Amino acid sequence: MRFIDWGLTPLALSQASPLKADETHSPFRDHVERGVPYPTYCRRAQFYIDHEWFLEAGEEMPTHKPNPRMGGDYPLGLSSGHSRWSVHSMNHTNEVVLGTHRGEPTALVNPDDAKARRVADGDLIRIFNDLGSFPVRARLAPSVRPGQIVSYNGWDGSQYRGWGGANEIEPGMVKWIGFAGGYGHLAYLSTNWQPVPADRWVRCDFESV
């Protein structure tokens with residue numbers, strides 16, 4: 001069944017585009033095709049932000065910065081993402097989703113990193129840092145680069161031994177410029193999950209349990 005309307009969700013406003021029954025959806029059509037101004041300070045697509053906090057941080061333009069060593073001085077970094085078999089924890093009771101995994105959380109690790117720690121595919125490992133730890137099954141994945149661990153989003157706390165997942169090792173640092181509001185489109189709302197902790201590339205290590 002096709003969607004026919006955005007409904008009442010405020011998140012739909014960021015799409016700025018109509019839903020058409022027989023067309024692929026593309027965002028920002030209101031701005032591009034109808035000339036509706038963008039909700040930015042200059043009313044155009046804006047990349048330069050001269051807010052004093054962004055200027056102080058050196059981020060008035062999109063820029064790369066190395067991640068802080070959240071969690072301690074460890075050789076590996078934990079990242080995440082959405083997988084086809086997890087989506088969100090509320091979807092784990094869906095019969096289709098249940099048929100795509102064994103009901104136990106996994107973390108993808110590089111084979112060389114696993115070999116250095118005497119970990120085989122399917123072994124139970126403990127991922128840890130200065131903040132805490134959590135147990136999970138290791139899945140050896142050559143696509144994961146050395147020094148990286150991938151723990152996908154969506155596993156429910158009840159699926160972990162001890163009810164502790166990846167959140168146990170995330171310090172929850174919030175980037176301070178995330179509080180810079182009242183400037184064009186910089187008006188963060190709780191419904192947009194802003195500001196949020198920086199939970200990417202948390203420093204950690206793992207060992208066999």
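## A patch on the surface

Which residues make a nonpolar surface patch of about 420 Å²? The answer is Phe47, Tyr48, Leu55 and Met61. Keep in mind that this is a predicted model. One of the four, leucine 55, sits in helix H2, which covers residues 52-57. Leucine 55 counts as partly exposed because its relative accessible area is 40%, and partly exposed is the class between 20% and 50%.

## The whole protein

Stepping back, the protein has four helices and six strands. Follow the sequence and they come in the order α-α-β-α-β-α-β-β-β-β. The C-alpha trace spans about 60 × 50 × 30 Å along its principal axes.

Of the 209 residues, 33% are buried. The accessible surface adds up to about 13,600 Å², and carbon and sulfur atoms account for 54% of that. As for contacts with a separation of 6 or more, 69% of them link residues 24 or more positions apart.

## Strand E1 and its partners

Strand E1 takes in residues 76-79, and both of its faces are covered. Leu76 and Leu78 are buried on one side, while Gly77 and Ser79 are buried on the other.

Which strands pair with E1, and in what sense? One partner is E6 (residues 202-208), which pairs with E1 in the antiparallel sense over three bridges. Here leucine 76 stands opposite cysteine 204. Another partner is E5 (residues 148-150), which runs parallel to E1 and is joined to it by three bridges. In this pairing, leucine 78 stands opposite isoleucine 149.

## Inside the cores

Nonpolar side chains tend to be buried together in soluble globular proteins. In this model, the largest nonpolar core holds 20 residues, and Ile127, Ile149 and Phe206 are the ones that touch the most other members. Two or more residues of this core come from each of E1, E2 (106-109), E3 (124-128), E4 (133-140) and E6. Apart from it lies another core, made of seven residues, including Ile49, Phe54, Ala57 and Ala180.

Isoleucine 149 is worth a look of its own. Setting aside its neighbours within four places in sequence, isoleucine 149 is in contact with Leu76, Gly77, Leu78 and Ser79, which are the residues named on the two faces of E1. Its other contacts are Ala107, Leu108, Val109, Ile127, Cys204 and Phe206. Ile127 and Phe206 are also named with Ile149 among the core residues that touch the most other members.

## Salt bridges

How many salt bridges are there? The count comes to nine. One of them joins the side chains of arginine 29 and glutamate 23, at 3.0 Å from N to O. Arginine 29 is buried, as its relative accessible area is 15%, whereas glutamate 23 is partly exposed at 40%. These two also belong to a network of salt bridges that links Glu23, Arg29 and Glu33.

Glutamate 59 and lysine 175 form another salt bridge, with the closest N and O atoms 2.8 Å apart. Glutamate 59 is in the loop between H2 and E1 and lysine 175 is in the loop between E5 and E6, so this pair ties together parts that are 116 residues apart in sequence. Glutamate 59 is buried, with a relative accessible area of 14%, but lysine 175 is partly exposed at 44%. Then there is the salt bridge between aspartate 73 and arginine 69, whose closest N and O atoms are 3.2 Å apart. Aspartate 73 is exposed at 66% relative accessible area, and arginine 69 counts as exposed at 52%.

## Some residues to pick out

Alanine 16 is not a glycine, yet it has a positive phi of about 45°. Look for alanine 16 in the segment before H1. Is alanine 16 buried or exposed? Alanine 16 is buried, because its relative accessible area is 11% and buried means under 20%. Arginine 43 also has a positive phi, near 70°, and is found in the loop between H1 and H2. With 47% relative accessibility, arginine 43 is partly exposed.

Aspartate 5 is found in the segment before H1 (29-34). Aspartate 5 is exposed, with a relative accessible area of 55%. Its C-alpha atom is separated by 45 Å from that of phenylalanine 128, a residue 123 positions away along the chain.

Terms used:
Residues numbered from 1 in each chain as written. Predicted model: local features only at pLDDT ≥ 70, side-chain atom pairs only at ≥ 80, totals over all residues. Heavy atoms only, no water. Buried < 20%, exposed > 50% of the residue type's maximum accessible area, 1.4 Å probe, protein only. Pairing = 2+ DSSP bridges. Patch = residues over 30% accessible without salt bridge, like charges linked within 9 Å, V, L, I, M, F, W, Y side chains within 5 Å. Areas by Shrake-Rupley, 256 points an atom, 1.4 Å probe, with all protein chains shown as cover. Salt bridge = Lys/Arg side-chain N within 4 Å of Asp/Glu carboxyl O. Core = buried A, V, L, I, M, F, W, Y, C linked by side-chain atoms within 4.5 Å. Contact = heavy atoms within 4.5 Å.
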